[in-house]
Amino acid sequence: MEKVIVKVRGEQTGADGETNAIEIVAEGRHYYKNGMHYVLYDDKMADEAVSTILKIEPDRLHLTRSGAVAQEQHFMRGTESTSEYKTPLGNLTLSVQTKDMKIAYGTVSGEIHVDYALAINGAWQSDNALHISVCPDASEIGRLN
């Protein structure tokens, strides 16, 4: 398993036309198994850690979160997926309609871009963009290639 730095930027545009963005940078781990890249990292939400696993295929992205919240999202261009978003305050049904997706992934590092529409409990919520960048941790660079 290699140490990596994960940068995630999410942009959300609602009905009012305003775009809100969030960005996190986290240390993580990467490994490759059965033709898929796996990236594991922790995200802080309201002072509680959420473990995140990205399962990256050439044309699909699976995101699984557990901890303060539990969630699975599946992205594949032109498809819709529905899942439960579980929080301490209750559950929501999320549907994502993947409009566009680009995955450029090498041995350990890569870039992922996903454009999707989000519906919550069946009602359109926002149009979203998700940008994920994974690069080797500086301490790993000499060892990787």
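Two strands are said to pair if DSSP finds at least two bridges between them. Keep that in mind for the strands on this tour of a predicted model.

**Whole chain**

Start with everything selected. The protein has one helix and ten strands. Followed from the N terminus, the elements run β-β-β-β-β-β-β-β-β-β-α. The radius of gyration is 15 Å, close to the 15 Å that the globule rule gives for 145 residues, so the protein is as compact as a globular protein of that length. Along the principal axes, the C-alpha atoms fill a box of roughly 50 × 35 × 30 Å.

Switch on a surface if the viewer offers one. The accessible surface comes to about 8300 Å², and 49% of it belongs to carbon and sulfur atoms. Of the 145 residues, 39% count as buried. Among contacts with a separation of 6 or more, 35% are between residues 24 or more positions apart.

**Strands β9 and β10**

Select residues 110–120, which are strand β9, and residues 123–136, which are strand β10. These strands pair in the antiparallel sense over eleven bridges. For a marker, pick Leu118, which stands opposite Ser126 in β10. The two strands form a hairpin with two residues between them. In the turn, select Asn121: its phi is positive, at about 50 degrees.

**Strand β8**

Now add residues 90–105, strand β8. Strand β8 pairs with β9 in the antiparallel sense, over eleven bridges. Here the hairpin has four residues between the strands. Select Gln97 to find Ala117 of β9 opposite.

**Ser95**

Stay in β8 and select Ser95. Is Ser95 buried or exposed? Ser95 counts as buried, because its relative accessibility is 11% and the cut-off for buried is under 20%. Show side chains here: a polar contact of 3.1 Å joins those of Ser95 and Thr82. Leaving out residues up to four places away in sequence, Ser95 touches Glu80, Ser81, Thr82, Ala117, Leu118 and Ala119. Leu118 is the residue picked earlier, opposite Ser126.

**An aromatic pair**

A search of the whole structure finds two aromatic pairs. One of them is Tyr31 with Tyr38, so select both residues and display the rings. The pair is stacked, with 4.8 Å centre to centre and 5 degrees between the planes. Stacked is the word used because planes under 30 degrees apart count as such. Tyr31 counts as partly exposed at 26% relative accessibility, whereas Tyr38 is buried, with a relative accessible area of 15%.

How values were computed:
Residues numbered from 1 in each chain as written. Predicted model: local features only at pLDDT ≥ 70, side-chain atom pairs only at ≥ 80, totals over all residues. Heavy atoms only, no water. Phe/Tyr/Trp six-rings, centres within 6.5 Å; stacked < 30°, edge-to-face > 60°. Buried < 20%, exposed > 50% of the residue type's maximum accessible area, 1.4 Å probe, protein only. Polar contact = N/O pair within 3.5 Å; in protein donor to acceptor, adjacent residues only side chain to side chain. Contact = heavy atoms within 4.5 Å. Rg over C-alpha atoms; globule rule 2.2 N^0.38 Å. Areas by Shrake-Rupley, 256 points an atom, 1.4 Å probe, with all protein chains shown as cover.
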